[in-house]
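User: I would like to learn how to read the packing in a model like this one, starting from a single residue and working outwards. Could you take me through it step by step?

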Amino acid sequence: MRYSEYRDQARSLDIVLFSGKGRISEAIKWITKSDKSHIALTLHMHEYNCLALFESTTLSDTHDLLAGKPSKGVQLVNMSLRLNNYDGKVWVRPILGPRTHKQKKAAMDFMRNFHGRPYEKNQMELVRSAIDMPGTRFMKNEPDASSVFCSELTALMLRHVGIMNHNGEPANEFTPADFSKDFDLADGYKAGELIQLTP
């Protein structure tokens with residue numbers, strides 16, 4: 001599906017999944033046995049007249065809408081520009097279900113609260129999120145949102161607005177691959193099919 005076609009039907013808090021070609025992206029895909037290496041959420045930003053991506057990434061090739069310059073970590077970027085600059089594949093996975101005024105306000109509040117936080121500083125958190133070893137406490141993450149990686153930010157946001165259940169797993173246990181499969185959504189919500197996007 002062309003991006004322009006998706007944009008006409010896009011809703012805030014849809015999932016966007018990426019498959020990058022860089023060394024870190026390839027490592028994430030290898031460890032998680034998936035072709036997905038990054039995740040973001042859509043947000044309609046009417047004051048900027050665009051559909052934006054809310055994400056945590058080390059990429060800094062697109063201007064952050066709030067900072068007015070490229071930045072790393074938690075950022076808000078024009079989705080069209082991100083897709084044009086991205087070297088890899090991109091999919092959207094719509095989340096079917098209501099978006100209430102209360103949820104939209106909660107999403108904006110969350111975005112502004114987390115905007116600018118650094119990308120995950122604890123490399124072991126990234127490793128532990130990707131390696132599941134039942135019964136091994138060493139390989140389980142403790143909640144820590146002082147710095148966040150992409151799938152952790154996604155889980156925190158979707159839980160904050162009530163779309164995703166709090167199932168006992170810390171948000172930093174999720175990987176992009178987890179959001180391409182079935183995951184624990186609240187009653188009234190369902191994850192749609194993956195749709196590959198082209199610029």
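Analyst: We can start from the contacts of one residue in this predicted model. Once its neighbours within four places in sequence are left aside, Cys50 is in contact with Leu43, His44, Met45, Leu65 and Asn78. Cys50 has its place in strand 3, and its C-alpha lies 9.3 Å from that of Val77, although the two are 27 residues apart in sequence.

User: Is Cys50 buried or exposed?

Analyst: Cys50 counts as buried because its relative accessible area is 13%, and the cut-off for buried is under 20%.

User: Which residues have the most contacts inside the largest nonpolar core?

Analyst: The general idea is that in soluble globular proteins nonpolar side chains tend to be buried together. Here the largest nonpolar core has 37 residues, and those with the most contacts inside it are Leu13, Phe54, Met157, Leu158 and Phe179. At least two residues of this core come from each of strands 1, 2, 3 and 4 and helices 4 and 6. Apart from it lies another core of 15 residues, including Val16, Leu53, Leu83 and Val92.

User: How do the axes of helix 4 and helix 6 cross?

Analyst: The axes come within 9 Å and cross at roughly 145 degrees, and the crossing is right-handed. Among the residues making the contact are Ala107, Phe110 and Met111 of helix 4 and Met157 of helix 6; the residues of this contact divide into 8 nonpolar, 1 polar and no charged. Beyond its neighbours within four places in sequence, Met157 is in contact with Leu13, Leu41, Phe54, Ala107, Phe110 and Met111.

How values were computed:
Residues numbered from 1 in each chain as written. Predicted model: local features only at pLDDT ≥ 70, side-chain atom pairs only at ≥ 80, totals over all residues. Heavy atoms only, no water. Axes fitted to C-alpha atoms, helices over the stretch in contact; angles between N-to-C directions. Helix = DSSP H or I, 4+ residues; strand = E, 2+ residues; numbered from the N terminus. Left-handed = near helix turned anticlockwise from the far one by under 90°. Contact = heavy atoms within 4.5 Å. Nonpolar A, V, L, I, M, F, W, Y, C, P; charged D, E, K, R; others polar. Core = buried A, V, L, I, M, F, W, Y, C linked by side-chain atoms within 4.5 Å. Buried < 20%, exposed > 50% of the residue type's maximum accessible area, 1.4 Å probe, protein only.
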